[in-house]
Amino acid sequence: MFGWLKGKKEEKNPALENFEKENTPAEPFRMTVEDVFIVGTGRGRRAVVTGRIETGRVARGDELTRQGRRGIRRLTVAGIESSRRPLEEARAGDRVGLLFKGLGGKDEIAAGDLLTRKEAGG
């Protein structure tokens with residue numbers, strides 16, 4: 001009765017087979033900032049940036065380069081969260097929120113900025 005379904009389960013989707021090969025951890029980290037939120041109050045205010053990791057991996061403590069309209073700046077990842085769960089590491093395809101040490105407000109980072117592990121201009 002469901003013979004056609006059994007045949008479908010055995011078929012392999014070439015796009016899925018190549019996905020992992022295309023997004024290997026050896027690729028440099030790259031993420032475009034989609035939105036910026038301010039959390040906390042007073043001196044404890046911090047900016048959290050959200051987006052989908054395009055390539056590579058990121059972990060707490062990693063140093064990244066932010067490139068955008070406001071110039072170039074080095075940032076250190078203080079925290080990673082996905083679906084309200086704290087993570088130690090995230091990789092290509094994950095939608096995440098990143099918290100940075102020393103990044104205090106929306107005037108320091110904006111939607112459209114690029115986060116990379118490469119040196120600026122490289």
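Which residue in S6 is the bridge partner of Glu63? In this predicted model, the partner of Glu63 is Thr76. That pair belongs to a broader arrangement: strand S5, covering residues 63–68, and strand S6, covering residues 71–82, pair in the antiparallel sense over 6 bridges. The two strands form a hairpin, with 2 residues between them.

From here, S6 may be followed to its other partners. Strand S7, residues 85–87, runs antiparallel to S6 and is joined to it by 3 bridges. Within this pairing, Ile80 stands opposite Leu87 in S7. S6 and S7 also form a hairpin with 2 residues between them, and in its turn Ser83 has a positive phi of about 50°. A further antiparallel pairing links S6 to strand S9, residues 95–101, through 5 bridges. Here Gly79 stands opposite Leu99 in S9. S6 thus takes part in pairings with S5, with S7 and with S9.

The same part of the chain leads to the largest pocket. Its space amounts to about 150 Å³. The residues lining this pocket are Val48, Gly79, Ile80, Glu81, Ser82, Ser83, Arg84, Gly97, Leu98 and Leu99. S6 gives the largest share of the lining, 4 residues, and both S6 and S9 supply at least two residues each. Several residues already met in the pairings appear again in this lining, including Gly79, Ile80, Ser83 and Leu99. By class, the lining comprises 4 nonpolar, 4 polar and 2 charged residues.

Attention now turns to the nonpolar interior. In soluble globular proteins, nonpolar side chains tend to be buried together. The largest nonpolar core in this model has 20 residues, of which Val49, Val58, Leu98, Phe100 and Leu115 touch the most other members. Strand S3, residues 46–55, supplies at least two residues of this core, as do S6 and S9. S6 and S9 therefore contribute both to the lining of the largest pocket and to this core, and Leu98 is named in the pocket lining as well as in the core.

Leu115 offers a view of the surroundings of one core member. Leaving aside residues up to four places away in sequence, Leu115 touches Phe29, Arg30, Met31, Val33, Val49, Thr65, Arg66, Leu75, Leu98, Phe100 and Ile109. Among these contacts are Val49, Leu98 and Phe100, which are themselves listed with Leu115 as touching the most other members of the core.

Terms used
Residues are numbered from 1 along each chain as its sequence is written. This is a predicted model: local features need pLDDT of at least 70, side-chain atom pairs count only at pLDDT 80 or more; totals for chains, interfaces and linings use all residues. Side-chain values use heavy atoms; hydrogens and water are left out. Two strands pair if DSSP finds at least two bridges between them. On a 1 Å grid over the protein atoms alone, a cavity is a set of points where a 1.4 Å probe fits but cannot get out, and a pocket is an open set with protein on both sides within 12 Å along at least five of seven lines; lining residues have an atom within 4 Å of a point. Grid points are joined across faces, edges and corners, and a volume is the space filled by probe spheres set on the points. Ala, Val, Leu, Ile, Met, Phe, Trp, Tyr, Cys and Pro count as nonpolar, Asp, Glu, Lys and Arg as charged, and the others, Gly among them, as polar. A nonpolar core is a set of buried Ala, Val, Leu, Ile, Met, Phe, Trp, Tyr and Cys residues joined through side-chain atoms within 4.5 Å. Buried means under 20% relative accessible area, exposed over 50%, partly exposed in between (1.4 Å probe, protein chains only). Contact means heavy atoms within 4.5 Å.
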